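Here is my note on this model, point by point. Please read it with the structure open.

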Amino acid sequence: MSGAGSPERRVQVPFAEPAARLRGWLASDRGRALAARAVPLVVFAVALWARLDLVELHPPRLYVFDDMAFYDASARRLLDGTQTVWDAFTPVGYPALLAAVYRTLGEGAIGALQAVLGALACALGSSLTARLARGLLAPLLAGLALAFYLPLALYTGLLMSETAFSCGVVAFAWLILTAVERRSTARAMV
């Protein structure tokens, strides 16, 4: 506020100068490129932290019932080499994943693996959004929405195929978009 005879006073905002430098750097080509690469990594880290925390509170091995018990039993039959008629009605993918984890890493590792797969799905979803929206805010918000989407996070702590399937679907979409972009780039170069 300036009055008659009093000098004008400026309000000092904390970190104004470093914030201005950061905004300038983010506006540069190099800054935008690095920030665009960092967003999926940040989303992965946040999603992994949330899922590992959930798996610590709710380990999948302690809550095996209904469909989960069927997947678990099917995985154990795969390891034993003893199949039943009921195995014909279950796709082998998720029980095979369980069997591979049980054999190589131990039964307790399935929660950690599902946490990684869930976090990867969030990071790939963020990366897909970045390629479609061409900005930083949309991929960050999309990735964080996936990271904290309750059903997607909760399935991490269950012996259910949803986490692996979600990661597979998002990875497939990411790969398809990558192939289309590379083909378009190759055509443009010719």
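1. Helices here are DSSP runs of H or I, at least four residues long, numbered from the N terminus. On that basis, G81 comes just after α3 and takes a positive phi of about 75 degrees. Keep in mind throughout that this is a predicted model.

2. Start with α3 itself. The helix covers residues 67-80, which is 14 residues. From first C-alpha to last, α3 reaches 20 Å, close to the 20 Å expected at 1.5 Å a residue.

3. Which residues of α3 are buried? They are M68, Y71, D72, S74, A75 and R77. The cover over these buried residues includes α4, residues 93-104. Note the charged names in that list: D72 and R77 are both among the buried residues of α3. D72 returns below.

4. Next, the surface by α3 and the loop after it. F70, V85, W86 and F89 form a nonpolar patch there, on the surface of the model. Together they have about 490 Å² of accessible area. V85 sits in the loop between α3 and α4. Its relative accessible area is 62%, so V85 counts as exposed, the cut-off being over 50%.

5. Now the charges. How many salt bridges does a search of the whole structure find? The search finds 5. Three of them are taken up in the points that follow, starting with the pair inside α3.

6. D72 bridges to R76, with the closest N and O atoms 3.0 Å apart. Both residues are in helix α3, 4 residues apart, so about one helical turn separates them. The general geometry fits: an α-helix has 3.6 residues a turn, so residues three or four places apart point the same way. The two partners are not equally covered. D72 counts as buried at 9% relative accessibility, whereas R76 counts as partly exposed at 27%.

7. R76 has a second partner to look at. E107 forms a salt bridge with R76, and here the closest N and O atoms are 2.8 Å apart. This pair links distant parts of the chain: E107 is in the loop between α4 and α5, R76 is in helix α3, and their positions lie 31 residues apart in sequence. E107 is partly exposed, at 32% relative accessibility.

8. Put the two bridges together. R61, D72, R76 and E107 are linked in a network of salt bridges. I would show this network in one view, with α3 in the frame.

9. Another salt bridge joins E181 and R131, at 2.6 Å from N to O. E181 lies in helix α8, residues 162-189, and R131 in helix α5, so the pair ties together parts that are 50 residues apart in sequence. E181 is partly exposed, with a relative accessible area of 26%.

10. Is R131 buried or exposed? R131 counts as buried, because its relative accessibility is 16% and the cut-off for buried is under 20%. What does R131 touch, leaving aside its neighbours within four places in sequence? R131 is in contact with W174, L177, T178 and E181. Its salt-bridge partner E181 is thus one of the residues in that contact list.

11. On cysteines: how many disulfides are there? The count comes to 0. C122 is in no disulfide, and the nearest cysteine sulfur, that of C167, is 9.3 Å away. The cut-off for a disulfide is a pair of sulfur atoms within 2.5 Å, so this pair does not qualify. C167 is likewise in no disulfide, and its nearest cysteine sulfur is that of C122. Both side chains are covered: C122 is buried, with a relative accessible area of 0%, and C167 is buried, with 6%.

12. Last, a pair for scale. D29 lies in helix α2, residues 29-57. D29 is exposed, with a relative accessible area of 59%. How far apart in space are D29 and G93, C-alpha to C-alpha? The distance is 43 Å, and the two are 64 residues apart in sequence.

Notes. Residues are numbered from 1 along each chain as its sequence is written. This is a predicted model: local features need pLDDT of at least 70, side-chain atom pairs count only at pLDDT 80 or more; totals for chains, interfaces and linings use all residues. Side-chain values use heavy atoms; hydrogens and water are left out. Helices (H or I, at least four residues) and strands (E, at least two) are DSSP runs, numbered from the N terminus. The expected span of a helix is 1.5 Å times one less than its number of residues. Buried means under 20% relative accessible area, exposed over 50%, partly exposed in between (1.4 Å probe, protein chains only). Contact means heavy atoms within 4.5 Å. Patches are made of residues with over 30% relative accessible area and no salt bridge: like charges are joined within 9 Å, nonpolar side chains (Val, Leu, Ile, Met, Phe, Trp, Tyr) within 5 Å. Accessible areas come from the Shrake-Rupley method with a 1.4 Å probe; for residues, only the protein chains shown count as cover. A salt bridge is a side-chain nitrogen of Lys or Arg within 4 Å of a carboxyl oxygen of Asp or Glu.
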